[in-house]
Amino acid sequence: MSFKRLSISFVFLTFFLYAGLILSLFYFWKGGLLLETLFSERTLYSICLSLLAATVSTLLSIFIAVPSAYALSRFEFIGKRTIDTVLELPMIVSPAALGAMLLIFFNNPVGIWIQESGIIFVFAVSGIILAQFITTAGIATRLIKAVMDEIPQRYEDVARSLGASPVKAFFTITIPLAKRGIIVSSILTWAKALGEFGATITIAGSMAMKTETLPIAIFMRLASADIEGTVVLILILISMGLGILYSVRLLMRKPPYA
Amino acid sequence: MRCNLSMVIIGLMAIFILSGNAFAEELLLFCGAAFKKPIDEVISLYEKRTGTNIHASYGGVKIILSQAILTKQGDVFVVPSPDIMDTAVEKGVVHKGSIRGFSYAVPAIIVHKGNPQNIEGLKDLLRHDVRFAMANPENVYIGMLTAEIFDRNLSRSERDILKKKVLTYAEDISKLTTYLIMNQVDAVLGFDFLKGWNPDKTDIVKLKKEEVIRIGAGQAGVMTYSRDMEKAKKFIDFLLSVDGQNVFRKYGYLATEEDAFVGKKVEIGGKPEFAEEWITK
């Protein structure tokens with residue numbers, strides 16, 4: 001077997017692993033339930049909430065991640081290695097533990113003060129966004145840093161030697177070169193936020209029509225021993241998530257000056 | 001190189017087979033989160049005495065039922081109410097003849113230690129300064145009991161106010177207690193045994209006898225998927241033994257019907273009846 005075929009076979013192995021899992025859902029498929037579940041007020045609310053929260057938390061994560069990643073990639077400063085390591089916290093600590101950390105934070109004087117100042121996070125939609133932001137900000141920074149690391153600093157140096165300020169070099173050289181990588185990082189961040197469950201349910205709870213995102217709705221269906229309903233919601237989440245990701249990939253394939 | 005690879009494969013297969021055998025010596029227990037603390041200790045005692053390893057999976061009653069149905073695994077099923085056990089029997093998860101009752105639990109309001117908000121009864125939960133949470137009435141037994149208690153004891157308008165005031169529906173009784181201990185709520189409606197979980201952080205406010213509709217009753221049964229029913233039965237025997245029940249008493253659970261007497265005769269277990277509006281469709 002050639003190396004090409006061998007490597008492609010691994011691609012298909014991974015694909016069939018996930019495809020098999022999706023297909024196995026149809027073992028509990030109940031046709032009539034799809035439309036009934038999809039158009040129920042509760043499911044529609046969960047879908048909208050999931051899309052809104054994932055989008056807002058992704059925008060916040062990317063807003064923080066781009067300058068952070070640039071600093072980590074270009075400059076030397078005190079504590080850089082420590083900060084770099086701490087960014088991996090969401091990957092080391094389970095989402096449920098992150099949620100518990102947030103809950104504990106809001107039980108200390110600073111957290112209580114924040115809540116009493118009018119920004120309610122616990123059992124609220126803002127808690128969902130916070131949970132998703134905490135889960136994704138570090139990962140987004142890490143992903144974008146990898147993109148920035150690939151861009152030679154020499155380009156910025158040349159721009160600066162021609163009179164560009166550091167800010168101008170950043171916006172006219174680095175950002176355009178990193179654009180594609182930042183978009184890909186945003187997509188991955190969004191996907192991670194959309195599927196976030198552990199931290200969200202811990203900090204925001206699981207109230208229908210209030211803080212029930214689609215992953216939480218799936219858990220609640222399973223928690224009600226409603227396997228068929230669980231299957232329908234999983235399929236909705238998969239279709240929505242993969243559909244949006246695939247569309248974005250298609251859009252990105254278009255040549256920029258076509 | 002090829003010889004080394006074969007050795008590794010044989011080694012891995014040996015580990016796999018041995019681990020499979022080791023698993024056969026173990027019991028898998030599905031247990032409602034309401035019994036987590038005492039069951040953990042009962043398991044530890046039982047393991048020390050018999051050498052049988054027991055793995056326990058805890059959660060809301062319906063989530064553990066789903067897990068059992070989907071995995072078709074498990075030896076012992078422990079839940080806080082006979083009606084959940086009836087469902088498990090109907091779904092072919094538990095042997096009907098093996099079911100035994102072992103503990104009782106009375107619904108009560110759980111508050112912070114010393115009751116700083118001075119909560120004295122159900123009506124106090126309507127106060128603006130009281131932050132309140134309950135378990136999910138959709139799939140957690142105490143959540144269903146809570147909805148039933150409110151339906152029977154509050155007027156329509158009071159119930160509407162309270163429903164709007166509920167900060168969250170917790171997915172199991174442990175989470176409900178966590179929210180209270182983390183000071184995110186001032187009161188929750190749980191079972192009286194919760195005072196035994198965190199005696200230095202919580203107090204209970206007993207409901208008036210006329211407010212209690214029914215009490216929870218723990219049941220354990222041998223699962224139909226069990227590969228060693230005798231061992232599963234022996235564990236249930238231990239759970240009901242004096243030693244097992246002493247562990248439950250230590251955590252504030254009530255061992256007999258007399259202990260759980262609330263001042264009037266109430267239904268033991270059974271399906272809570274509450275308005276459909278508690279569940280969002």
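# Notebook: chains A and B

**Contact between the chains.** I started with the interface and found that the contact takes 20 residues from chain A and 18 residues from chain B. I note here that this is a predicted model. On the side of chain B that touches chain A, I looked for elements giving two or more residues, and these are α3 (61-71) and β7 (166-170) of chain B. The most comes from α3(B), with five residues. I then sorted that side of chain B by class and got eight polar, six nonpolar and four charged residues.

**Chain A, overall.** I listed the secondary structure of chain A next: 13 helices and zero strands. The pattern along the sequence is therefore just α repeated, as in α-α-α-α-α-α-α-α-α-α-α-α-α. The C-alpha trace of chain A spans about 65 × 65 × 35 Å along its principal axes. Chain A has 258 residues, and 35% of them count as buried. I also checked sequence separation: taking contacts in chain A between residues at least 6 apart, 77% join residues at least 24 apart.

**A helix pair in chain A.** At what angle do α10 and α13 of chain A pack? I found about 175 degrees between helix α10 (residues 166-194) and helix α13 (residues 227-253) of chain A, with the axes 11 Å apart. Angles over 145 degrees count as roughly antiparallel, so α10(A) is roughly antiparallel to α13(A). I wrote down the residues that meet: α10(A) brings I183(A), I187(A), A191(A) and L194(A), and α13(A) brings G241(A), L245(A), V248(A) and M252(A). By class, this contact of α10(A) with α13(A) has seven nonpolar residues, one polar and no charged.

**Chain B, overall.** I turned to chain B and counted ten helices and eleven strands. Its C-alpha trace spans about 75 × 45 × 40 Å along the principal axes of chain B. Of the 281 residues in chain B, 44% are buried. For contacts in chain B with a separation of 6 or more, I found that residues 24 or more positions apart account for 79%.

**Domains of chain B.** I looked up the division of chain B, which gives domain 1 (27-104 + 215-268) and domain 2 (105-213 + 271-278). The centres of domain 1 and domain 2 of chain B, taken over C-alpha atoms, are separated by 24 Å. Their contact takes 26 residues from domain 1 of chain B and 20 residues from domain 2 of chain B. On the domain 1 side, the elements of chain B that give two or more residues are α2 (36-50), α3, α4 (82-90), β4 (100-105) and β10 (214-222). I note that α3 of chain B is also listed on the side that touches chain A. The domain 1 side of this domain contact has 13 nonpolar, seven polar and six charged residues.

**A sheet in chain B.** In which order do the five strands of the open sheet in chain B stand? I read the order as β7-β6-β8-β5-β9 (chain B), with mixed pairing. Strands β7 and β9 (202-206) of chain B are at the edges with a single partner strand each, so one side of each has no neighbour in the sheet. On average, neighbouring strands of this sheet are turned by 35 degrees against each other, direction ignored.

I followed one pairing further. Strand β5 (residues 107-112) and strand β8 (residues 187-191) of chain B pair in the antiparallel sense over five bridges. Within β8(B), G190(B) stands opposite A108(B). I also recorded the helix that lies across β5, β6 (132-135), β7 and β8 of chain B, namely α5 (residues 141-153) of chain B, which runs at about 120 degrees to β6(B).

**One residue, F77(B).** I placed F77(B) in strand β3 (residues 76-79) of chain B. Is F77(B) buried or exposed? I counted 32 other C-beta atoms within 10 Å of F77(B); the cut-off for buried is 20 or more, so F77(B) is buried. Leaving out residues up to four places away in sequence, F77(B) touches F30(B), A68(B), A88(B), V93(B), V94(B), A220(B), G221(B) and M223(B). As a last check I took T202(B), which is 125 residues from F77(B) in sequence and 29 Å from F77(B) in space, C-alpha to C-alpha.

Notes:
Residues numbered from 1 in each chain as written. Chains lettered and ligands numbered in written order. Predicted model: local features only at pLDDT ≥ 70, side-chain atom pairs only at ≥ 80, totals over all residues. Contact = placed C-beta atoms within 7 Å. Helix = DSSP H or I, 4+ residues; strand = E, 2+ residues; numbered from the N terminus. Nonpolar A, V, L, I, M, F, W, Y, C, P; charged D, E, K, R; others polar. Domains from an automatic or database assignment. Buried ≥ 20, exposed ≤ 12 C-beta atoms within 10 Å, placed from the backbone. Pairing = 2+ DSSP bridges. Axes fitted to C-alpha atoms, helices over the stretch in contact; angles between N-to-C directions. Parallel < 35°, antiparallel > 145°, perpendicular 65-115°, else oblique.
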